[in-house]
Amino acid sequence: MRVGIGYDSHRLVSGRPLILGGEHIPSDRGLEGHSDADAAAHALTDAILGAAGIGNIGELFPDTDATWKDADSLALLRAAHERVKQQGYRAVQADLTIILERPKLGPALPAIRRGLAEALGLPPDGICVKPKTNEGMGFIGRGEGIAVLAVATLEPC
Ligand code: MG
């Protein structure tokens with residue numbers, strides 16, 4: 001069994017949709033980025049790539065490459081998982097913490113879990129997603145951005 005960790009953060013700005021785990025979440029602001037800026041998918045992608053020992057999302061999908069402009073980050077996650085499988089491993093489980101002050105993610109959590117799980121071919125209980133506030137501290141506390149931590153485990157396939 002192998003374990004990997006991933007982290008991502010994006011700035012919250014006006015005029016962008018808020019997408020986490022492929023789910024559009026009602027919000028007056030969204031995450032800024034080259035792709036759809038789905039920080040949950042990005043952190044999980046880095047976690048599985050790290051567990052397989054094959055680099056990181058920026059190496060596989062560079063933001064200098066127009067191919068990935070406004071890309072669906074679940075498609076990036078699926079593509080990264082294919083690379084992981086080529087190394088002889090598959091994802092079996094992941095755990096994520098999404099750190100943000102608002103909006104409240106509670107109603108969207110099942111859809112976020114389902115989106116990430118389906119991208120990896122896992123049942124919904126293969127992915128856990130926990131929202132946390134930062135208690136008003138720092139850039140997250142000021143509502144300037146969102147951060148996501150992810151841990152994933154792989155098994156030989
Ligand atoms: Mg990112």
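Is D8 buried or exposed? With a relative accessibility of 15%, D8 falls under the 20% cut-off, so it counts as buried. Keep in mind as we go that this is a predicted model.

D8 is a good place to start, since it leads us to the metal. The magnesium ion has three protein donors: D8 through OD, H10 through NE2 and H42 through ND1, lying 2.1 to 2.2 Å from the ion. Along the sequence, these donor residues follow the spacing D-x1-H-x31-H. D8 and H42 link distant parts of the chain: D8 belongs to strand β1 (residues 2-14), while H42 belongs to helix α1 (residues 39-52), and the two are 34 residues apart. H42 counts as buried too, at 8% relative accessibility.

Now let's move on to helix α3, which covers residues 73-86 and includes L76. What does L76 touch, once residues up to four places away in sequence are left out? Its contacts are I57, F61, W68 and A71. L76 has a relative accessible area of 4%, so it is buried. For a sense of distance, try looking from L76 across to R11: these residues are 65 apart along the chain, and their C-alpha atoms are separated by 20 Å.

Last stop, the cysteines. A disulfide is a covalent bond between the sulfur atoms of two cysteines. How many does a search of the whole structure find? The count is 0 disulfides. Two cysteines you can look up are C128, partly exposed with a relative accessible area of 33%, and C157, which is exposed at 59%.

How values were computed. Residues numbered from 1 in each chain as written. Predicted model: local features only at pLDDT ≥ 70, side-chain atom pairs only at ≥ 80, totals over all residues. Heavy atoms only, no water. Helix = DSSP H or I, 4+ residues; strand = E, 2+ residues; numbered from the N terminus. Buried < 20%, exposed > 50% of the residue type's maximum accessible area, 1.4 Å probe, protein only. Contact = heavy atoms within 4.5 Å. Donors = N, O, S within 2.8 Å, 3.2 Å for Na, K, Ca; no water. Disulfide = S-S within 2.5 Å.
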